[in-house]
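Let's take a walk through the charged side chains of this one. Keep the structure open as you read.

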Amino acid sequence: MRCGAWLLLASALLALCGASVGSTGWDSLLHLGDDPVAWQILWSIRLPRTLGAWLAGALLGLAGAIAQGLFRNPLADPYLLGSASGAALGAAVALALLGVSPVAPQWLARIGITGMAFVGAAGAVLLTLLLARGVQHPLRLLLAGVIVGVVLGALRELLQLAAPDILQAMQAFTLGSTAFVGAPACVLMALAWVSCAALAWMLARALDGLTLGEATAASLGLPLLPMRAGLVAALALATGTAVAQTGLIAFVGLAAPHLLRSIVRVTHARHILLSSLMGAVLLLAADILARWLLAPQELPVGVLTAALGGSYLLWLMHRRSTQGAGP
């Protein structure tokens with residue numbers, strides 16, 4: 001509970017910073033009382049974007065915790081298992097079919113893109129499981145996920161060549177950005193987060209059982225097949241919704257559970273929810289940093305998380321190799 005309270009406090013403080021950071025700096029906050037434009041900037045741009053970054057990070061952290069527990073592999077995340085590439089392919093198909101931009105505020109467009117991203121993410125995960133012949137061999141699973149991700153990425157590139165009108169939208173999509181997240185996207189992500197968190201909470205016993213091994217989990221009377229199906233559905237929905245609204249944002253789903261495990265050890269039911277909060281804090285902090293570094297211009301947050309997350313992963317690998325070489 002103490003860890004969750006600290007993460008919620010960090011979220012609140014970062015939300016205040018998110019409402020303050022932008023091309024106009026603190027001026028919008030200082031003139032809220034006498035400038036209607038300042039109110040418009042705060043309520044229509046900064047607050048939805050801040051909330052959207054928090055929700056997208058929460059979805060990715062949740063998906064990462066589910067993936068690592070389900071596949072019993074600390075390197076598993078939505079990207080390595082191909083679900084993010086599948087979600088991006090689904091979003092590209094939706095853009096080509098609907099003829100809309102991912103920045104469009106229409107509810108039908110948003111739901112269509114999210115639905116296709118979910119189908120793509122679920123299909124990618126199932127294809128990865130099929131190629132790996134289950135989850136018994138972690139190395140085979142990761143290799144299958146990499147192969148599926150590369151193939152689906154190639155299919156997305158071919159689709160972009162066939163429909164050049166979506167090239168500009170897909171470029172922003174693949175770089176990852178929260179700049180165009182509005183209130184409708186926040187509502188969709190909030191609904192997806194509540195659904196996925198509730199489903200993962202109810203099925204967390206399967207993850208606890210799997211840590212003891214397949215045979216032990218089965219001997220406990222756990223219906224592993226339907227529970228795994230539910231967890232895969234939660235993983236796909238969380239990833240698909242986040243990717244559909246913010247594009248490809250790397251390493252949040254991988255880093256959030258790792259950081260949480262370095263702070264506290266809990267059962268999977270609490271680990272999933274706390275990892276979700278950790279992912280929300282990480283992405284919101286990265287989004288604020290992306291807005292501030294080159295203000296009034298901004299970096300794509302996906303580029304920043306890839307750089308920081310890759311550095312964190314290299315440091316983690318170096319630390320483990322150093323510990324293994326020690327006396």
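Is Arg156 buried or exposed? It's buried, at 9% relative accessibility, because anything under 20% falls into that class. Keep in mind that we're looking at a predicted model. Arg156 has a salt-bridge partner in Glu157, with the closest N and O atoms 3.6 Å apart. Glu157 itself is partly exposed, at 39% relative accessibility.

That pair is one piece of a wider picture, as the model has four salt bridges in total. Now swing over to Asp287, whose side chain meets that of Arg49 in a salt bridge, N to O at 3.1 Å. Asp287 sits in helix 13 (residues 268–293) and Arg49 in helix 3 (residues 36–70), so this contact ties together parts that lie 238 residues apart in sequence. How accessible are the two ends? Asp287 is buried at 0% relative accessibility, and Arg49 is buried too, with a relative accessible area of 7%.

Asp287 also has a salt bridge to Arg291, where the closest N and O atoms are 3.0 Å apart. These two are four residues apart in helix 13, so about one helical turn separates them. Arg291 is buried as well, its relative accessible area being 5%.

Which residues are linked in a network of salt bridges? They are Arg49, Asp287, Arg291 and Glu298. Within that network, Asp287 is the residue to click on if you want to trace the contacts: from there you can go to Arg49 in helix 3 or along helix 13 to Arg291.

How values were computed. Residues numbered from 1 in each chain as written. Predicted model: local features only at pLDDT ≥ 70, side-chain atom pairs only at ≥ 80, totals over all residues. Heavy atoms only, no water. Buried < 20%, exposed > 50% of the residue type's maximum accessible area, 1.4 Å probe, protein only.
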